[in-house]
Amino acid sequence: MPTIRRLPETLVNRIAAGEVVERPASALKELLENAIDAGASRIAVKIEEGGLARIEVTDDGCGMAPDEMALALERHATSKLPESLVGEEGAIEQVETLGFRGEALPSIASVARLTLESHVRGAQQGWKRVIDHGALTAEGPAALPPGTRVRVENLFARVPARRKFLRSPRSEYAACLDAVRRLAMARPDIGVTFDHGERRILGLQGGEGLEARVAHIVDRALADNGVAIDLARGEMRLTGIAGLPTFNRGVADHQYLFVNGRPVKDRLLAGAVRGAYAEMLARDRHAVLALFLELPAEEVDVNVHPAKTEVRFRDAAGVRGFIVSGLRQALSTGDRRSAQAPDAAAMGRWQVEPARDEPAAALRSIFGRDWTASSASVRQPAAAWDHAAPEVLDLPQGRADVAEPIEAAETYPLGVARGQVAQTYIVAEAADGLVIVDQHAAHERLVLERLRAAGAADKVAASQALLMPAVVELDEPACDRLEEQAEAFAELGLAIERFGPGAMLVRAVPGVLGKADPAALLRDLADDLALHGESLLLGERIEHVLATMACHGSVRAGRTLSVPEMNSLLREMERTPRSGQCNHGRPTWIKLSMADVEKLFGRH
């Protein structure tokens, strides 16, 4: 008969390490959090072979005395929980530090060689302790400036079962870089350097503004293609920077989410972001953003995951609604600059005619004669045209209307129409540059917004009752998810109800989806709920119908527009929210600044 016994301490630590230290990036994250919680103003990170060979984190924080260092290497020993939060009456959910379990250092030391060096400010010298896979191998004085340095070497060297499941050094390096980026983004006041081998990857100065730090880490172009967010509702506050819908990616790895300064990968928050952009992005495209949510500590549980990457909200629906409405509001107010500037590659493809040293050669190539041979020819231009080559008279002739004085930029942000190119693109002159508008994409967005304003979405979503209600069998968790969203689905024209533990009854579907298979529709919705926390699929399908109607009702490419028609389109774009991108997330207009134009002509 099996007997119950206590496990050896070394094995207990290795089991704990399996929860906390999944890969080198996990160990690096814990060490960075310790440095931040120690009050560091500068943190230096060095790794080798993606962190598999060595991870080193140096900070200028408060440091630790020798006896504190010994205690820090024991499990569940921490300085991060105030005495008021310890004990039976303690409210651990009010913890404000990044780490608080007291498991990181002993867990890492149980599966690697860990060298811990620390120097308390004001002390005569620092101290060092070396732990090799759980065993103390050396300790003594150490020479280092005030602060702490932690070195982790040969991670999982004696745990081959874990080591062989690690990915390549390049993949592990990418995970380490992501961990550094996220924590550096959360604290723009801290200077951070990151070296991989002999190469400097990041060099961030402390004291940067949030927008500057985010743009520096995520994408420098985000500063020109994003809108700043600073919203509050009650005790909740949302800050950060959100990329315009036209500035998107094919994967969601450029979305950085933070709760009370803690980087998280939370399904509810990711679903809220997807919902906010649902009407402006194609389903296979993803927004670029960094969002920082702040709310009272008692309103969020950060202790639901050993690595603290997931959180749980007391009012999940309220948080989601705040993020969705906040993002949509910010993106709507940013429409005056919601089209992206042409990228460097596009600018580089402009063709420039090389200058000629002999003007006469150019004239001969055009008129078939030497204009410099006789000064009389210069004095008699009319005669020259009489004797010009026949092909000159066949050149296309054009007429330019007298340009009216352009009004102030604040009056007409998209400028005044000057012409049309390829019966598709409107060229307008603004006070600060040249605006090019895709007339079909722009009008498509305008028509869609008109349909919404007229309540077309409600008509499209009107229910169509099924002649015979359909019974769809699903697993119980899927039925639970669908039942929770039944009221929201009803507003979109889908009437469902529970039909036993493992089935749903479909009584009506949205009119425009009347030919859809109810079973396939519910399965897709259940999967969407599992992935995003709430269903975006049904709303997107209805939105697709509206977008199709808008597409067919808009000005087509290839149609010649008069100048008044072009100006009318520009003025309506200026009044319409989200007019900077079409219904598929592509830009409706771009602007060449006067500086860009002057560069093309070598005038800069």
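Aspartate 132 touches Ala109, Ala112, Arg113, Thr137 and Arg158, leaving aside residues up to four places away in sequence. The residue is part of strand 4, and in this predicted model its relative accessible area of 17% falls under the 20% cut-off, so aspartate 132 counts as buried. One of its contacts, Arg113, belongs to the stretch 113-119 that makes up strand 3. Strand 3 and strand 4 (residues 126-132) run antiparallel and are joined by six bridges. Within this pairing, threonine 115 of strand 3 sits opposite valine 130 of strand 4.

Zooming out from that pair, strands 3 and 4 belong to an open sheet of eight strands, ordered 5-4-3-6-2-1-7-8 and mixed in its pairing. Strand 5 (135-142) and strand 8 (199-204) are the edge strands, each pairing on one side only. From one strand to its neighbour the turn averages 10°, ignoring direction. Thr137, another of the residues touched by aspartate 132, lies in the range of edge strand 5.

As for what packs on this sheet, helix 2 (residues 24-37) lies across strand 1 (42-48), strand 2 (54-59) and strand 6 (147-153). Its direction is about 10° from that of strand 2. Helix 2 also packs with helix 6, at an angle of about 20° and with the axes 8 Å apart. That angle is under 35 degrees, so the two helices are roughly parallel to each other. The crossing is right-handed. On the helix 2 side, the contact is made by Pro24, Ala25, Leu28, Lys29, Leu32, Glu33 and Ile36. Helix 6 brings Glu172, Ala175, Cys176, Ala179, Val180 and Leu183 to the same contact. Sorted by class, that gives 10 nonpolar residues, three charged ones and no polar ones.

Helix 6 (residues 169-186) has a further helical partner in helix 7 (residues 210-217). Here the axes come within 9 Å and cross at roughly 165°. With the angle over 145 degrees, helix 6 and helix 7 are therefore roughly antiparallel. This crossing, too, is right-handed. Arg181, Ala184 and Met185 of helix 6 meet Leu210, Arg213, Val214 and Ile217 of helix 7. The contact splits into five nonpolar and two charged residues, again with no polar ones.

Several residues of helix 7 are tucked away: Arg213, Val214, Ala215 and Ile217 are buried. Arg213, Val214 and Ile217 also figure in the contact with helix 6. Helix 6 is among the elements covering the buried residues of helix 7, along with strand 8, strand 10 (236-243) and strand 15 (289-294). Strand 8, one part of that cover, is the edge strand at residues 199-204 of the eight-stranded sheet.

Further along the chain, valine 302 is found in the loop between strand 16 (300-301) and strand 17 (312-313). Despite the loop setting, valine 302 counts as buried because its relative accessibility is 9%. Valine 302 is 11 residues from phenylalanine 313 in sequence, with 8.9 Å between their C-alpha atoms. Phenylalanine 313 falls within the range of strand 17.

Another open sheet has three strands in the order 21-23-22, paired antiparallel. Strand 21 (463-473) and strand 22 (495-498) take the edges; each has a single partner strand, so one side of each has no neighbour in the sheet. Twist in this sheet averages 15° from one strand to the next. Strand 22 pairs with strand 23 (residues 503-510) in the antiparallel sense over four bridges, and alanine 495 stands opposite alanine 508 of strand 23. Helix 17 (residues 476-484) lies across both strand 22 and strand 23, running at about 130° to strand 22.

Taken as a whole, the chain has 22 helices and 24 strands. Of its 604 residues, 46% are buried. Contacts between residues at least 6 apart in sequence include 68% that join residues at least 24 apart.

Key. Residues numbered from 1 in each chain as written. Predicted model: local features only at pLDDT ≥ 70, side-chain atom pairs only at ≥ 80, totals over all residues. Heavy atoms only, no water. Pairing = 2+ DSSP bridges. Axes fitted to C-alpha atoms, helices over the stretch in contact; angles between N-to-C directions. Contact = heavy atoms within 4.5 Å. Parallel < 35°, antiparallel > 145°, perpendicular 65-115°, else oblique. Left-handed = near helix turned anticlockwise from the far one by under 90°. Nonpolar A, V, L, I, M, F, W, Y, C, P; charged D, E, K, R; others polar. Buried < 20%, exposed > 50% of the residue type's maximum accessible area, 1.4 Å probe, protein only.
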